[in-house]
Amino acid sequence: MGRFSILLPTYQRCEKLRVVLDALSEQEGLQEGEVIVGVDGSTDCTVELLQAFQKHFPTRLDFFVIPNSGRAVIRNRLLDRATGDIILFIQDDIVVQAGWLQAHLLAQQERPAAHVGFVTWYPNAVITPYMRWLERGGHLLDFSRLRDGQSLDFWRFYMGNISFPRALMTGLRFDETFRGYGWEDIVLGYEFMRAGHP
């Protein structure tokens, strides 16, 4: 299997991003790929944080800054810079556990497809009724009815924890007319499946 690219868009989450990058740095096999962070016009300490991480990160850590343009735009710019055969997207508030990278790479080796990884709330988070609803059937993290290895529809094309072969993205882009929060990943999932990809 070829190299991989871990793509991470961020906006105004410097302190959360620090925790995310710390967890990523511990992943087994990380040195075989690259991590690229797209900074979507952040005005907090994000750039300084990334510069500091570059000095000791266990693999190539690249980042770039664009004027604030929204999630679809920054994700497309990340795809443009990726050099890996396998693309992995996480978000700037997703803290991966040990074995996360190897699980995605093994899934890609067994069946090249879009593979969505489980997401739940951070262990220290105070879970509100709204958060509980999201996780148990709401519009965001509906993992409660899913089984490991299950075939999914485009509604589960969650960018928070997903991998796919770069070759399957040929001609596919995030729709940059989406300027507000959300749904650009679901629309891309629809196009991905319409192209015949699992």
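Mentor: Let's settle one term first: buried means under 20% relative accessible area, exposed over 50% and partly exposed in between (1.4 Å probe, protein chains only). This is a predicted model, with local features needing pLDDT of at least 70 and side-chain atom pairs pLDDT 80 or more, while totals for chains, interfaces and linings use all residues. Residues are numbered from 1 along each chain as its sequence is written, and side-chain values use heavy atoms, with hydrogens and water left out.

Trainee: OK, strand β2 then. How many of its residues are buried?

Mentor: Helices (H or I, at least four residues) and strands (E, at least two) are DSSP runs here, numbered from the N terminus. β2 covers residues 34-40. One side has Glu34, Ile36, Gly38 and Asp40, the other Val35, Val37 and Val39, and both faces are covered. So the buried count for β2, going by the under-20% cut-off, is seven of seven.

Trainee: Which residue of β2 is the bridge partner of proline 9?

Mentor: Strand β1 (residues 4-10) runs parallel to β2, and six bridges join them; strands count as paired when DSSP finds at least two bridges between them. Within that pairing, the partner of proline 9 is glycine 38.

Trainee: And which helix does the chain go through from β1 to β2?

Mentor: The crossover is of the β-α-β kind and right-handed, meaning that, with the strands pointing away from the viewer, the path from the first strand over the helix to the second runs clockwise. The helix on that path, residues 14-25, is α1.

Trainee: Moving to the next strand, which residue of β3 pairs with glycine 38?

Mentor: β2 and β3 (residues 60-66) are parallel too, over seven bridges. From β2 the chain passes through helix α2 (residues 46-54) to reach β3, again as a right-handed β-α-β crossover. Glycine 38, the partner of proline 9 in β1, has as its partner in β3 phenylalanine 64.

Trainee: Aromatics next. Why does the ring pair of phenylalanine 164 and phenylalanine 192 get its class, and what is that class?

Mentor: Rings of Phe, Tyr and Trp (its six-membered ring) pair if their centres lie within 6.5 Å, with planes under 30 degrees apart counted as stacked, over 60 as edge-to-face and the rest as tilted. A search of the whole structure turns up ten such pairs. For this one the centres are 6.3 Å apart and the planes sit at 50°, so the label is tilted.

Trainee: How many residues apart are those two in the chain?

Mentor: Phenylalanine 164 is in strand β6 (residues 161-165) and phenylalanine 192 in helix α6 (residues 184-194). Both are buried, and ring pairs link them with Phe89, Phe157 and Phe174 into a cluster. The gap between phenylalanine 164 and phenylalanine 192 in sequence is 28 residues.

Trainee: On to charges. How many salt bridges does the whole structure hold?

Mentor: The rule asks for a side-chain nitrogen of Lys or Arg within 4 Å of a carboxyl oxygen of Asp or Glu. Some of the charged residues form a network, with Arg3, Glu34, Arg60 and Asp62 linked by salt bridges. The total for the whole structure is eleven.

Trainee: Arginine 13 caught my eye. What is the closest N to O distance in its salt bridge with aspartate 92?

Mentor: Aspartate 92 is in the loop between β4 and α4 and arginine 13 in the loop between β1 and α1, 79 residues apart. Aspartate 92 is buried at 6% relative accessible area, while arginine 13 is partly exposed at 30%. Their closest N and O atoms are 2.8 Å apart.

Trainee: Aspartate 93 also meets arginine 13. Is aspartate 93 buried or partly exposed?

Mentor: That salt bridge has an N to O distance of 3.3 Å. Aspartate 93 lies in the loop between β4 and α4, so the pair ties together parts that are 80 residues apart in sequence. With 34% relative accessibility, aspartate 93 counts as partly exposed.

Trainee: What is the N to O distance between arginine 77 and glutamate 176?

Mentor: Arginine 77 is in helix α3 (residues 71-81) and glutamate 176 in the loop between β6 and α6, so parts 99 residues apart in sequence are tied together. Arginine 77 is partly exposed at 28%, and glutamate 176 is partly exposed at 28%. The salt-bridge distance is 2.9 Å.

Trainee: Last one, on the backbone. What is phi of glutamine 12 near?

Mentor: Glutamine 12 sits in the loop between β1 and α1 and is partly exposed, with a relative accessible area of 34%. Its phi is positive, in a residue other than glycine, and near 55°.
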